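Work through these short exercises with the structure in view. Try each task before you read its solution.

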Amino acid sequence: MRRLIRPPPRSQPDPVIHQQAAPKRRDARGGLLPDQRGNRLRGSVYKRCQCRDAGGKRVKNCRKPHGSWGFTVDAGTDPATGKRRQIPRSGFKTKAEAEEALTAELAKLDAGTWVDDRNMTLGTWLDQWLGELIAAQRSVNTVKNYRGHVRDAWKPLLGHVLLRDIRRSHIERVLALLSAPLDSERPIGNVGRWVTQRSPSTVEGYRRTIRAALSAAQRRELIAINPAVGRMDAIALSTGEEDEEPTVWQPEETARFLEHVYDDRLSALYELAAYAGMRRAELCGLRWADIDPDGAGLRVRQTIVSVTRSQVTPTQVRCPVCGVEHVGRLFKSPKSRKGRRWVPLAPPAQEALVRHRAAQRLEREFLGIDYDDHDLVFCRPDGLPLRPDRVTVAFEQHVSACGLPMVRLHDTRHGACSLMLAGGVPIEIVQMILGHSSPEVTRRVYAHLMRRDAAEQVGKAADLVTRHRPRRDAV
């Protein structure tokens, strides 16, 4: 009798290896959407309408041609709170549009370029950004310029647009509008000046403001890229003419002015402006402690700028010396590291400071205990700091009185630069004296001042060849 040999029982299949794969979800373009296990970032599309069933519940997958479509993106876990971040987007007319937008968002998430603007408009962000600058005690004049640009252009024209929707074309359109000729019945420029058209440099200032604001938004991951970076065609094509060159006094005109103000209380201030090229705020904030013992130079460590009460905080307005508020004046450090510098003094400027110190000593002795000493080189007769804007007014009155071409007090800085360049001072030394960030800035700002010197140097170089050539009479 044959024995039946049964085959050994088959081993049970490995449930993990042989498990049937779940059907893959695909978007409108055929791309893979994340699975239900959360292995990838997830998203879902939904329809929003007002249809209700008999029980009063919202109808899912309504097929009527009304309502709008939206989607929700699961952006992972918020590192700050540890909670899931689900970002909704809505307002799409069709399901296909919502799915296409969802696919684009998921692609950004996979590439690491996705950001969440928290549905913030540009106007809301600009207000928040200005508040942060004030809290960080940024330069008062810088914040003032930013606030003016935001108030006059960016909030009225783009303040309603969401941050994520800002494009380079929006920035270009606003800049083109700012570059157009003005047709207004009231002054547009600073301090009530009539302006028929903004200069390219003014429009560039508007661009720098929005660039700085959007750069801050990019650092906070509210936007992926900054659309205001780079050269704008609206500025480059706004005019075919170069900016007007500032009026600079010739050396004989500068000498005429200095002789005219020789007996003025602030004659030494004008001497330093003419020879050292210092800014108005630096002259008003200069202290005797900042001048070298031998008088050969000085260090710029403090400035005084003109402000209004709305531009500063209660803490900022307190004087670091006496602790009280000097209306319209703010003590502060130079804005940049390059601004804190050593400045050499020419002999005429040194002599003017000696005369000025002797006159100030007499004022101190006359007032006695009523003299409010702030160690300022240039101050009021009672020792209190000068108001920079009134220094400008006094300067312009002197210019009109001596019959010279009207220039700004700041233009004497240009004259000092031209004197140093004409005297053969290297551009790198001029840059350090003036407090520019680099020699390239000095070359760009004062390129028109270097033309005469460049022509003379080229002529000397050409003489090396022409002196060996025979002299011919002109035809």
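**Exercise 1: Two unusual backbone angles**

Glutamate 221 counts as exposed, at 57% relative accessibility. This is a predicted model. Task: place glutamate 221 between its helices, then say what stands out about its phi.

Solution.
- Step 1. Glutamate 221 sits in the loop between α5 (200–219) and α6 (233–236).
- Step 2. Recall the general rule: most residues other than glycine have a negative phi.
- Step 3. Glutamate 221 has a positive phi of about 60°, although it is not a glycine.
- Step 4. Now take aspartate 375, in the loop between α10 (347–367) and α11. Its phi is positive too, near 60°, and aspartate 375 is a residue other than glycine.
- Step 5. Check the accessibility of aspartate 375. The relative accessible area is 28%, so aspartate 375 is partly exposed.

**Exercise 2: The two sides of a helix**

Task: find the buried residues of helix α7 (residues 251–260) and explain why they lie on the same side.

Solution.
- Step 1. The buried residues of α7 are Thr254, Phe257 and Leu258.
- Step 2. They span an arc of only 95° around the axis, so they are on the same side of α7.
- Step 3. The general reason is the helix turn: an α-helix has 3.6 residues a turn, so residues three or four places apart point the same way.
- Step 4. Look at the other side of α7. Glu252 and Glu259 are exposed there.
- Step 5. Find the packing partners. The buried residues of α7 pack against α8 (267–276) and α11 (388–401).

**Exercise 3: The largest cavity**

Task: describe the largest cavity by its volume, its central residues and its lining.

Solution.
- Step 1. Count first. The whole structure holds three cavities of 30 Å³ or more.
- Step 2. The largest cavity has about 140 Å³ of space.
- Step 3. There are 20 lining residues, and those closest to the centre are Trp249, Thr254, Ala274, Thr412 and Gly415.
- Step 4. Assign them to elements. α7, α8 and α12 (411–422) each give two or more residues to this lining. The largest share, six residues, comes from α12.
- Step 5. Sort by class: 13 residues are nonpolar, six are polar and one is charged.

**Exercise 4: The second largest pocket**

Task: which residues are closest to the centre of the second largest pocket, and which classes make up its lining?

Solution.
- Step 1. The volume of the second largest pocket is about 560 Å³.
- Step 2. Of its 23 lining residues, Glu105, Lys108, Arg164, Asp165 and Arg167 are the closest to the centre.
- Step 3. At least two lining residues come from each of β3 (84–92) and α1 (95–111).
- Step 4. The lining has 13 nonpolar, two polar and eight charged residues.

**Exercise 5: Buried or partly exposed?**

Task: is glutamine 316 buried or exposed, and what does it touch?

Solution.
- Step 1. Glutamine 316 is in the loop between β5 (303–306) and β6 (329–332).
- Step 2. Its relative accessible area is 15%. The cut-off for buried is under 20%, so glutamine 316 is buried.
- Step 3. Setting aside neighbours within four places in sequence, glutamine 316 contacts Gln137, Gln311 and Leu330.
- Step 4. Turn to glutamine 128, in helix α2 (residues 122–135). At a relative accessible area of 35%, glutamine 128 is partly exposed.

Conventions:
Residues are numbered from 1 along each chain as its sequence is written. This is a predicted model: local features need pLDDT of at least 70, side-chain atom pairs count only at pLDDT 80 or more; totals for chains, interfaces and linings use all residues. Side-chain values use heavy atoms; hydrogens and water are left out. On a 1 Å grid over the protein atoms alone, a cavity is a set of points where a 1.4 Å probe fits but cannot get out, and a pocket is an open set with protein on both sides within 12 Å along at least five of seven lines; lining residues have an atom within 4 Å of a point. Grid points are joined across faces, edges and corners, and a volume is the space filled by probe spheres set on the points. Helices (H or I, at least four residues) and strands (E, at least two) are DSSP runs, numbered from the N terminus. Ala, Val, Leu, Ile, Met, Phe, Trp, Tyr, Cys and Pro count as nonpolar, Asp, Glu, Lys and Arg as charged, and the others, Gly among them, as polar. Buried means under 20% relative accessible area, exposed over 50%, partly exposed in between (1.4 Å probe, protein chains only). The arc is that of the directions from the helix axis to the C-beta atoms. Contact means heavy atoms within 4.5 Å.
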